[in-house]
Each structure stands twice: as C-alpha cells, then as structure tokens.
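Student: I am new to this structure and would like a close look at one part of it. Please begin with the enclosed space.

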Amino acid sequence: MVQTNLPEMIGLIPAGGQATRISPLPLSKELYPIGFQPTGKNGSPRPKVVCQYLLERMQLAGAGKAFIILRPGKWDIPAYFGDGFQLGMNLAYLTLRSLHGVPYTLNQAYPFVQNSLVALGFPDILFQPKDAFVRLRDRLTSGSAEVVLGLFPTDQPTRVGMVNFDPEGRVISIVEKPAQSDLKYMWAIALWTPSFTHFLHHYLAELATQYPSEDTPRPELPIGDVIQAGLE
C-alpha cells in the first residue's frame, strides 16, 4: 500500500549533550564551525556551523520547521539561529527535563509533533548525500513502513547503533554499540510517522513505572533500543 497525503514533516534535533569528549569548547558543539558559506551581500565567505548542514538537509525534504531540544545553559544555539529566518525555516526551542537518553529528549516535543512526520538527525554528524532525507521520504511514501532509517557504512561498530537488514532493506534488528560485530552499516538519521511517535511516548511512560522518581538512577536509554522494541 502506497501512503499518500502524508502529514507535515517536522525536524527534531537533540542538542542535550555536553561534548565531554571534545571539551573544553568556548561554545556548544552544535555551533562548531565546519567549512564556509557566502554571505548575502558581497558573497564573501563566513563560517558555517555543523548543525546548519543537518537543518538544510531536512529542509530539502520538505521540513519547513524544526525543534531543537536543548540542555539548559546552551542558550548560544537560539542566540545564533534565532527563529530560523536566515535559513528560511521556522525554528523553535525546547529544554529537556530528563537526562536519561535521547528518547527522553525527543519526547519533550511530543505535544508539538504527535501528528506529524518526524525527521530525526544528530547535529554533530555530517553525512552524504545531501538528499538523504528526500530518499527516506520517498521510501516512506512508497511502502507501509512506520520508520525508515538512513544507513551508512562504518568501521567503528562499538560507537554506534548497527543495523541488520534483509535484501529488501527491511530492518531485522538494531544492536547498540556491540563489542564485536560483522554488521557493516550504522543508522544516523530517521524519518517516522505519528504511529512511532506515540509508541515512543507510551514506551517511556511504561518504563517510568519501574522507577519511583525522576531522580532515581537508571541506565541511559539509546533511541535505537526503542526502535528495536518497536520491531519486537
């Protein structure tokens, strides 16, 4: 069954990390300059920050707005991007409440994106091709999947979520940061329907019943584990 009349696409960008592996930095890692871009007046180059590449790729696929979800204190990000006018996008910002992993960060946007397509990307990861989100959108519209993942080859499986898939591209399993693996592809971007947004929200609500309070110590939950739970 081919899906038509898809809902609005909204980008979600988790920006709650502290960049401890590359600290100290004088700014949020999402604003780290990578390359240059021309200015509007005379074309002279000015720095282009790493998060802008992700926003542009989401925009190319039809995302006219995005939420950047911040750890409190990272106010340099909204100070830099503002409302998104310079990018031709509508940007808004949310502050995260739970520090237990990316799924909790994304869930902060649930009231605003529960009826939308969600384009997920990580602001400190550069990827090619530029139309990667376009390809995810086209794959989503041509089938009945609720989640489509963008896969990329990697030789560092211990640092990422590795994906096992069949010859037709259907995901069989996701293995987070395996000590050893014969798998060759990681996932780094995703596009999903409201069905998975609701699944994520209710999965976290059910998980919360295992802990007496928000401050109760718990392991960090990768978003790949939630996608795997959806598969199961």
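What is the volume of the largest cavity?

Tutor: The largest cavity has a volume of about 50 Å³ (the space filled by probe spheres set on grid points joined across faces, edges and corners). The model is predicted, with local features needing pLDDT of at least 70 and side-chain atom pairs pLDDT 80 or more, while totals for chains, interfaces and linings use all residues. Residues are numbered from 1 along each chain, and side-chain values use heavy atoms, without hydrogens or water.

The count is one cavity of 30 Å³ or more, a cavity being a set of points on a 1 Å grid where a 1.4 Å probe fits but cannot get out. Its lining (residues with an atom within 4 Å of a point) consists of Leu12, Leu106, Asn107, Ala109, Tyr110, Val113, Val118, Trp192, Thr197 and Leu200. Helix H3 (102-107), helix H4 (110-113) and helix H6 (194-208) each give at least two residues to this lining; helices are DSSP runs (H or I) of at least four residues, strands (E) of at least two. Eight lining residues are nonpolar (Ala, Val, Leu, Ile, Met, Phe, Trp, Tyr, Cys or Pro), two are polar (the others, Gly among them), and none is charged (Asp, Glu, Lys or Arg).

Charged side chains appear elsewhere, in salt bridges. The whole structure has eight of them (a Lys or Arg side-chain nitrogen within 4 Å of an Asp or Glu carboxyl oxygen). One of them joins Lys29 and Asp124, at 2.9 Å from N to O. Lys29 sits in the loop between strand S1 (9-15) and strand S2 (33-38), and Asp124 in the loop between S6 and H5, so the pair links distant parts of the chain, 95 residues apart. Lys29 is buried (under 20% relative accessible area, 1.4 Å probe, protein chains only; exposed is over 50%, partly exposed in between) at 17%, whereas Asp124 is partly exposed at 36%.

In another salt bridge, Glu30 pairs with Lys74, and their closest N and O atoms are 3.0 Å apart. Because Glu30 is in the loop between S1 and S2 and Lys74 is in the loop between strand S4 (65-70) and helix H2 (76-81), this pair ties together parts 44 residues apart in sequence. Glu30 is buried, at 2% relative accessible area, and Lys74 is buried as well, at 8%.

Notes. On a 1 Å grid over the protein atoms alone, a cavity is a set of points where a 1.4 Å probe fits but cannot get out, and a pocket is an open set with protein on both sides within 12 Å along at least five of seven lines; lining residues have an atom within 4 Å of a point.
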